[in-house]
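Dear colleague,

I am passing on the structure you will find below, and after it I set out what came up when I went through it. Please read the notes with the coordinates open beside you.

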Amino acid sequence: MEPNRKYDSKVYDAEQSCVFRKTKEQFGGLSNMASGFPLRINNIPILSSEALYQACRFPSLPDVQSKILNQRSPMTAKMVGKPFREDTRADWEDVRIKIMRWCLKVKLAQNYFEFGKLLESTFDKQIVEDSSKDDFWGAVRDKSDNDKLIGVNALGRLLMEIRHFYNEHRFSYNMFVVEPLSIPDFLLFGHPIQVVDERINFISHLERIMHCKEAIKINYTVKPSILSEEVVIISDIPTSSLNTLFIKDKTASTKKVAAPKDKPAKRKREAKKVGEPAEKAKGKATRKSSVRFLKDQPMLPLS
Ligand SMILES: Nc1c(N[C@@H]2O[C@H](COP(=O)(O)O)[C@@H](O)[C@H]2O)[nH]c(=O)[nH]c1=O
């Protein structure tokens, strides 16, 4: 077992915790070995957070990174890097937690609904990776009491941190924009890892599930004044966690929508047609809405 002098080991009650071991189990998606949470860094598709994490070991060996990222299975991605372990970046022990946290943030930003829902399903329980021998990333069953798991459980603890972050920053700028780490040689195929910005993808996803294509436009300008803008809650989005999302959409929404004061009278009348089907309003000049992401603020609506 890895000597974990730097980190404190904890004891977890398996019955009371959200434990994952196999990827197909209830909380298996929390494992980095889970498929179905694809990522994209510097426009390069990456099949799992495990592959991304392992690739980060070898910033100066693009061929090894390529080998890792070309594997279909996350476990194989880890395995093919093993023969090169002695070429792992020299500061790995110091940066690996940061890198894992960054990988998990990317996993959340790029799999917002699926991963977010999974995190939500753990409520405020302890999250523990049940491992047969790795008591650093996970925790190991106590030989004398199988219901006890002992270990640093670094991955479980990072996941709880991410869960807290998700609960605090839901639909915020910070949720969708993940800055690269400021560590030396944070490279993929010889190029610095770029900021991950999922805002447009998130909006496109919303448009798809709301069936109101082009209803929402994105605008990056940050204006504190929008805090006072009138907002409309669209509550019929078929994802319960979206019910708190404020969106101002003049065409698809309800009574509360005010006509823009600075618009010609005809357009005011159009905007006031309450409950008008989105299809009918398509293409009208009034059909203008947007969502803004503010740094450190919940995502706020405005027109
Ligand atoms: N060792 C282990 C898992 N642990 C995972 O391996 C990753 C770190 O590996 P390493 O770079 O060797 O420290 C990390 O994602 C951790 O959660 N998972 C599994 O399914 N099976 C295993 O046997």
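**What was found**

Leu159 is buried, with a relative accessible area of 0%, a value that falls well within the class because buried means under 20% relative accessible area. Please bear in mind throughout that this is a predicted model. Leu159 belongs to helix H6, and its C-alpha atom is separated by 11 Å from that of Asp124, a residue 35 positions away along the chain.

The start of that helix leads to another residue that you may want to look at. Asn153 sits in the loop between strand E7 (145-151) and helix H6 (154-169), and its phi angle is near 55°, which is a positive value in a residue other than glycine. With a relative accessibility of 0%, Asn153 also counts as buried.

A positive phi in a residue other than glycine is found at Phe189 too, where the angle is near 50°. Phe189 is placed in the loop between strand E9 (187-188) and strand E10 (191-192), and with a relative accessible area of 28% it is partly exposed, since that class lies between the limits of 20% and 50%.

**The ligand and its surroundings**

The ligand occupies the space of the largest pocket. There are 14 residues around the ligand, and those that come nearest are Asn32, Glu50, Arg57, Lys78 and Glu129. By character, the residues of this shell divide into 6 nonpolar, 2 polar and 6 charged.

Which helices each supply at least two residues of the shell around the ligand? They are helix H1 (49-55) and helix H3 (74-81), and H1 provides the largest share, with 3 residues.

For anyone setting up a calculation on the ligand, the polar side-chain atoms that lie beside its oxygen atoms may be a useful place to begin. A polar side-chain atom of Arg57 is 2.7 Å from an oxygen atom of the ligand, while for Asn32 the corresponding distance from a polar side-chain atom to a ligand oxygen is 2.9 Å. In the case of Gln54, an N or O atom of the side chain is 3.0 Å from an oxygen atom of the ligand. As for cover, the ligand on its own has 510 Å² of accessible area, and the protein covers 81% of it.

**Residues in the loops**

Two residues in the loop between E2 and E3 are worth setting side by side. Gly36 lies in the loop that runs between strand E2 (18-20) and strand E3 (39-41), and Met33 has its place in the loop between E2 and E3 as well. Is each of them buried or exposed? Gly36 has a relative accessible area of 53% and is therefore exposed, whereas Met33, with a relative accessible area of 18%, is buried. Both values should be read with the cut-offs in mind, because exposed means over 50% and buried means under 20%. In space, the C-alpha atom of Gly36 is separated by 7.8 Å from that of Leu47, which is 11 residues away along the chain. Met33, for its part, is 9.4 Å from Ala77, C-alpha to C-alpha, with their positions 44 residues apart in sequence.

Thr122 is found in the loop between helix H5 (112-120) and strand E5 (127-131). Its relative accessibility is 0%, so Thr122 counts as buried, and its side chain makes a polar contact of 2.8 Å with the side chain of Arg163.

Further along, Gly138 is placed in the loop between E5 and strand E6 (139-142). Gly138 counts as buried, at 0% relative accessibility, and its C-alpha atom is separated by 12 Å from that of Tyr7, although the two residues are 131 apart along the chain.

With best regards

Technical notes. Residues numbered from 1 in each chain as written. Predicted model: local features only at pLDDT ≥ 70, side-chain atom pairs only at ≥ 80, totals over all residues. Heavy atoms only, no water. Near = heavy atom within 4 Å. Polar contact = N/O pair within 3.5 Å; in protein donor to acceptor, adjacent residues only side chain to side chain. Areas by Shrake-Rupley, 256 points an atom, 1.4 Å probe, with all protein chains shown as cover. 1 Å grid on protein atoms, 1.4 Å probe; cavity = no way out; pocket = protein on both sides within 12 Å on 5 of 7 lines; lining within 4 Å. Sits in = over half its atoms within 2 Å of the grid points. Helix = DSSP H or I, 4+ residues; strand = E, 2+ residues; numbered from the N terminus. Nonpolar A, V, L, I, M, F, W, Y, C, P; charged D, E, K, R; others polar. Buried < 20%, exposed > 50% of the residue type's maximum accessible area, 1.4 Å probe, protein only.
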